[in-house]
Number of protein chains: 2
Amino acid sequence: MPCGGQGRCGRCAVIVEESVETQDFASVRRRSTQRLSPDDVAAGYVLACQTVVEGDVVVLVPPQEKIERRLKEGKRAAKVALPFPYDLHDQTLRKYTVTLEPPSLEDQTDDWSRLRRELVRRYDLGSASPADADAADPKGVRKPLGSEGLRVSLHVLRNLGNALREGDWTVTVVVDLQAQGSPRLIDVLPGEHLESLWAIAIDIGTTSNHVWLVDLISGEVMAQKADYNGQIARGEDVISRIIYASKGDGLEDLQHLVMRTLNRLIKQAARERSISPDEIYKAVVAGNSTMIHLFAGIPPASIRLMPFITAVNQLPPFPAQEIGLGINPEATVDCLPGIASYVGADITAGVVSSRMCDENQELTLFVDVGTNGEIVLGDCTWLLACACSAGPAFEGAGVVHGMRATAGAIEEVWVNSETYEATYRVIGGEAPRGLCGSGLISLMAEMFVAGVIDKSGNIDLDLPTERVRQGEHGPEYVVAWADEADIADIADIADIDRASVRASAAIGEDIVITAVDIDNLMRAKAAIYAGFSILARSVGLTLADVGRVLIGGAFGQYINVEKAIQIGMLPDMPYESFHFLGNTSVRGAYMALLSERMRQRVTEVGQMMTYLELSADNTFFDEFNAAMFLPHTDETLFPTVRRGGGQIPNPKPQTSVGNDK
Amino acid sequence: MPCGGQGRCGRCAVIVEESVETQDFASVRRRSTQRLSPDDVAAGYVLACQTVVEGDVVVLVPPQEKIERRLKEGKRAAKVALPFPYDLHDQTLRKYTVTLEPPSLEDQTDDWSRLRRELVRRYDLGSASPADADAADPKGVRKPLGSEGLRVSLHVLRNLGNALREGDWTVTVVVDLQAQGSPRLIDVLPGEHLESLWAIAIDIGTTSNHVWLVDLISGEVMAQKADYNGQIARGEDVISRIIYASKGDGLEDLQHLVMRTLNRLIKQAARERSISPDEIYKAVVAGNSTMIHLFAGIPPASIRLMPFITAVNQLPPFPAQEIGLGINPEATVDCLPGIASYVGADITAGVVSSRMCDENQELTLFVDVGTNGEIVLGDCTWLLACACSAGPAFEGAGVVHGMRATAGAIEEVWVNSETYEATYRVIGGEAPRGLCGSGLISLMAEMFVAGVIDKSGNIDLDLPTERVRQGEHGPEYVVAWADEADIADIADIADIDRASVRASAAIGEDIVITAVDIDNLMRAKAAIYAGFSILARSVGLTLADVGRVLIGGAFGQYINVEKAIQIGMLPDMPYESFHFLGNTSVRGAYMALLSERMRQRVTEVGQMMTYLELSADNTFFDEFNAAMFLPHTDETLFPTVRRGGGQIPNPKPQTSVGNDK
């Protein structure tokens with residue numbers, strides 16, 4: 001659940017049925033009923049995470065919102081173009097087929113020495129002081145670094161004897177040359193197997209995980225798989241997960257959950273290409289710092305505590321079996337480096353894949369709008385980064401009728417500035433069940449432009465429409481009436497009254513946005529804009545100096561730029577200045593997989609990036625407060641935004657529930 | 001059981017009771033009754049390992065020989081003297097206590113970089129290009145080798161954050177400088193813990209395992225523990241174990257069994273010194289090649305198949321947790337190098353600890369008389385080694401009344417050359433139950449000198465004594481009459497007749513040595529002597545050129561040299577030329593633990609040692625046949641041995657069953 005068991009989100013509400021009948025609540029003890037109305041409490045609702053069972057009770061778990069997968073990847077995924085001309089020898093994985101002289105009573109050399117002897121002779125691998133291997137290797141192996149020669153694990157030695165004999169002394173070895181340290185023997189296969197060489201790029205997002213299966217012979221992405229991070233069930237944002245990880249075996253649980261998601265995606269990708277996951281010999285992994293900690297099973301506790309320190313920004317490479325990643329047990333897992341608790345490997349990888357710091361580039365703002373909000377400002381000579389703690393409001397958390405961008409979510413809204421009536425478009429074209437991030441931005445902008453809310457976000461209760469009203473949580477605006485929603489399918493599931501679906505999505509209720517919701521969204525957008533301002537000001541520039549804005553992250557792709565400018569979330573710049581890059585994190589991991597030079601570039605970007613800790617910045621609070629208006633206290637920053645009309649006229653559909661998707 | 005389920009040793013005989021009553025043997029199918037007499041078969045005996053149960057049966061398992069521990073180590077163990085002046089800095093384990101600058105909003109460096117930064121600053125550990133650390137380190141750390149800087153595992157990184165905060169930014173780090181490769185961070189402990197530094201030396205014998213707990217501050221052995229190798233239950237010699245390892249999950253089973261034995265010994269040793277096994281940060285391991293393979297979980301199959309190849313002679317160091325060794329999970333496990341399938345790390349370590357190849361030494365013969373028989377000939381300039389496949393006859397296997405050197409074993413015999421009566425000494429002073437190795441050597445020699453057997457080992461059935469007779473398995477000599485054994489305690493256990501204890505030790509039977517037993521022992525001693533001869537001849541020398549004989553191995557300590565010479569097992573040299581060194585293998589591991597120079601010496605010894613494969617040597621069969629006489633075909637080789645008297649007069653006790661032990 002969104003808050004990870006802190007009693008804040010109200011999503012885990014259940015009904016203690018027996019207590020309702022007997023009006024005897026002695027068998028449960030409620031520690032907190034925050035997020036429940038007096039009516040809810042009277043109806044027997046409790047927050048599961050805040051309730052102690054002290055006797056026999058009958059509990060009804062109301063139907064939960066069914067998460068339908070609507071991620072961009074999958075069958076519809078477009079072929080990923082090679083980001084640069086690919087050369088097999090730019091990356092570190094190698095396969096060699098060697099035929100050994102069989103052992104005899106005259107030559108009783110042990111299996112491992114026999115193999116190593118041949119690898120030294122032919123490829124100069126494994127010798128203690130390697131000479132230049134480029135000369136010795138017709139395939140262009142680079143000089144192995146390190147003084148230890150070829151490294152090998154017990155795991156590989158355990159299979160060695162069988163492989164040599166099964167292959168009748170002809171085997172194919174898989175070696176990771178590893179830029180740092182000695183080359184490492186990953187696998188020994190009987191016979192010749194030079195036809196394939198597989199690896200994966202992984203992006204571990206707080207919300208969704210992405211796996212790209214890469215054919216290192218051609219360099220091409222051969223399968224793309226994505227799914228929600230299994231950890232979502234333990235909290236929607238990184239803070240909730242860190243808290244969960246610090247309790248009992250929470251860390252282990254989270255590690256298993258993300259591994260289960262990734263391993264499922266890996267299996268799906270492998271099946272699509274008819275290979276075994278054991279044939280995947282390397283993984284490059286990007287993700288925010290908390291996700292990388294949890295992936296590797298490292299306690300993330302200090303990330304959320306002042307002064308916000310990670311255990312490790314750059315993990316050493318390790319074999320897949322150490323964390324249970326379902327590829328070849330000895331495959332190298334290379335987690336890309338992050339730079340701070342809230343600017344992780346997803347951002348260093350994102351910056352590299354965005355090419356914002358390639359040579360001769362203009363001043364660029366890179367924004368990753370995910371569950372967190374990270375911003376990087378710079379050019380090819382310097383980079384400044386911050387995390388603006390926008391929170392998950394734009395992902396539907398902390399908003400009464402907020403939801404993720406799945407079927408039933410309102411993703412675009414239009415408000416008539418004369419009648420104040422709303423029309424909207426719903427994902428999947430079905431009856432609406434709530435509002436997703438892009439829908440919330442759209443709604444905020446339309447309400448502001450139509451005059452439903454003022455500069456401070458206050459709802460005008462005097463408007464001549466029933467849509468504005470005093471609700472249970474204060475003033476609210478009705479986006480969709482209850483009768484616009486179809487409750488039939490829920491009613492089919494069980495003979496329960498409307499109250500019992502209270503804890504699920506808002507089916508059967510009016511879908512509203514409340515004053516509290518608006519305040520949360522204002523804070524989120526203000527945090528992002530304040531981040532922009534402070535980055536620019538801290539280097540003596542203004543946002544007017546920025547030449548272009550690159551928007552990464554899956555969510556970023558759905559943002560309506562004009563509306564985001566209208567609420568003052570994005571700076572007021574021409575539409576052409578904005579570029580949507582999609583998932584820059586997985587693309588950066590993919591590039592690092594294809595080229596050791598790119599991999600090195602990620603490290604360099606991390607090193608050249610300066611992290612600005614906003615919570616330590618005196619001006620942050622001022623900038624934040626200045627941005628707590630629509631679009632901003634300083635209207636000169638948003639010259640194209642005015643009440644009664646947007647920057648560019650919005651195309652308005654006919655007044656009907658849209659089914660055009 | 002000794003043969004590991006091959007139907008050769010007869011030790012697993014059980015009685016199918018129901019079949020005895022009904023005389024219907026349809027419910028069991030006997031694949032082999034080798035080792036069972038017709039009487040045994042009629043009595044319902046089957047070999048458990050060779051019998052398929054095909055219906056309901058009632059099986060009686062006769063009481064088995066109870067193995068009593070009589071290993072030399074334990075409470076009676078003498079304090080081990082330091083083998084050379086000890087210098088803490090000659091070995092590779094280090095502890096450093098460092099205090100870090102706590103993190104702040106101004107310095108958000110991650111925990112791992114913060115620790116590494118301080119280690120680089122103070123000890124030059126972990127830097128990518130280490131300078132000379134001796135200058136920087138007051139404690140004399142040597143220059144870290146390798147280009148990778150300080151290596152660290154996920155395991156250590158997982159505990160790092162807690163340790164730093166628990167210790168309030170003062171921690172003690174444990175580092176293995178590792179002569180080969182980069183230094184490795186093993187542990188991070190909160191606070192200062194410089195008071196101790198523990199490690200262990202391990203010897204994995206086919207029969208017994210030894211663990212020495214070493215205090216690396218003083219270099220002293222602080223506890224010695226030994227026990228039978230838990231694998232004995234799966235076969236007594238390496239061949240049986242290799243066969244067992246190749247079936248089903250036999251390898252895993254054997255690996256677990258030896259680990260269980262070692263971990264028990266480690267716990268005992270740690271408890272004796274009131275430390276936790278987690279405080280043990282390094283293990284140096286010696287053992288024969290099969291034992292090392294099984295310890296590391298590497299299939300040993302090719303060791304017993306022509307042309308006898310190991311998977312690996314020198315394992316890379318690995319962390320203890322990879323094989324489940326119960327010391328600190330990240331502790332370095334360093335398995336010493338062997339040189340061939342049948343000349344393993346026990347011999348390289350043994351040679352180093354015997355100092356046979358130190359400077360200015362005379363020609364030396366080193367013999368390790370264990371379950372195998374390995375021989376090394378050489379001096380400080382060359383070493384020649386062979387394994388003579390003596391087999392386990394001297395350890396009691398393949399001999400009808402053979403047993404291990406435990407309570408009830410006859411360990412010394414005297415045969416009166418006029419009456420042919422035997423007197424003997426029994427381990428523990430109890431009633432005799434069988435003959436152990438030293439007892440068998442003693443018995444053979446006495447029978448030969450007294451004229452009970454001739455040069456070829458044939459028993460003289462015409463002697464005027466009831467002790468020589470035609471038995472079930474041919475001619476035999478009675479060492480102890482049945483009434484000299486006390487069967488009361490066995491009779492107490494169950495109301496069973498004499499036949500039912502047939503499969504256990506020979507309680508209640510006459511203890512005899514048969515013509516077949518004598519043949520087996522002749523083969524064993526001939527193999528050892530042939531090994532001596534061939535080693536010497538292959539370098540153009542004779543045994544007369546040998547200056548001294550060093551005898552290693554626990555069993556070696558119990559050999560009566562004169563009697564071993566009388567049967568032609570050891571060369572005929574003055575008593576002063578023989579030196580009993582005890583367990584040279586564990587001592588070699590201990591020396592390698594104390595000094596990196598000694599550790600390197602083990603590798604050098606392995607490299608300078610030439611392995612002679614006896615089965616590929618044309619002269620082996622001739623030498624073996626020549627040694628199949630008592631003492632030898634060529635009597636000139638044994639000038640001091642003559643029928644009617646030994647080399648040196650044997651001290652003979654009064655004619656009584658000895659209870660003097």
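1. Let's start with helix H7 of chain A, where Leu251(A), Leu254(A), Gln255(A), Val258(A), Met259(A) and Leu262(A) meet Leu294(A), Phe295(A) and Ala296(A) of H8(A). By class, this contact holds eight nonpolar residues, one polar residue and no charged ones. H7(A) spans residues 250–272 and H8(A) residues 289–296; their axes come within 8 Å and cross at roughly 95°. That angle makes H7(A) roughly perpendicular to H8(A). Please keep in mind as you read that this is a predicted model.

2. Chain B offers a helix pair to look at next, H6(B) (residues 238–245) and H7(B) (residues 250–272), whose axes come within 7 Å and cross at roughly 125°. H6(B) is therefore oblique to H7(B). From H6(B), the contact takes Arg241(B), Tyr244(B) and Ala245(B), and from H7(B) it takes Gly250(B), Leu251(B), Asp253(B) and Leu254(B). Sorted by class, these are four nonpolar, one polar and two charged residues.

3. Another crossing in chain B involves H9(B) (residues 345–354) and H14(B) (residues 584–594), with axes that come within 7 Å at an angle of roughly 75°. These two helices are therefore roughly perpendicular to each other. H9(B) contributes Asp346(B), Ala349(B), Gly350(B), Val352(B) and Ser353(B), while H14(B) contributes Thr584(B), Ser585(B), Arg587(B), Gly588(B), Ala589(B) and Met591(B). The contact of H9(B) with H14(B) has four nonpolar, five polar and two charged residues.

4. Now to the place where the chains meet. Chain B and chain A each give 45 residues to their contact. The area buried between them is about 3,400 Å², and carbon and sulfur atoms give 59% of that area. How many salt bridges are there between chain B and chain A? The count is zero. There are, however, 16 residue pairs in polar contact between chain B and chain A, with both residues at pLDDT 80 or more.

5. It is worth looking at the chain B side of this contact on its own. The elements that give two or more residues to the side touching chain A are helix H3 (111–123) and helix H5 (154–166) of chain B. H5(B) provides the largest share, five residues. By class, the chain B side has 22 nonpolar, 14 polar and nine charged residues.

6. Salt bridges do turn up in a search of the whole structure, which finds 46 over all chains. One to inspect pairs the side chains of Glu118(A) and Arg121(A), with 2.9 Å from N to O. Both residues lie in helix H3 (residues 111–123) of chain A, three residues apart, about one turn of the helix.

7. A few backbone details deserve a look too. In chain A, a cis peptide bond joins Leu630(A) and Pro631(A), with omega about -10°. Pro631(A) is found in the segment after helix H16 (620–626) of chain A. In chain B, the peptide bond from Met306(B) to Pro307(B) is cis as well, with omega near 0°. Pro307(B) sits in the loop between helix H8 (289–295) and strand E13 (318–319) of chain B.

8. One last residue to visit is Tyr420(A). Although Tyr420(A) is not a glycine, its phi is positive, about 65°. You will find Tyr420(A) in the loop between strand E18 (409–415) and strand E19 (422–426) of chain A.

Definitions and conventions. Residues numbered from 1 in each chain as written. Chains lettered and ligands numbered in written order. Predicted model: local features only at pLDDT ≥ 70, side-chain atom pairs only at ≥ 80, totals over all residues. Heavy atoms only, no water. Contact = heavy atoms within 4.5 Å. Buried area = accessible area lost by both parts, 1.4 Å probe. Salt bridge = Lys/Arg side-chain N within 4 Å of Asp/Glu carboxyl O. Polar contact = N/O pair within 3.5 Å; in protein donor to acceptor, adjacent residues only side chain to side chain. Helix = DSSP H or I, 4+ residues; strand = E, 2+ residues; numbered from the N terminus. Nonpolar A, V, L, I, M, F, W, Y, C, P; charged D, E, K, R; others polar. Axes fitted to C-alpha atoms, helices over the stretch in contact; angles between N-to-C directions. Parallel < 35°, antiparallel > 145°, perpendicular 65-115°, else oblique.
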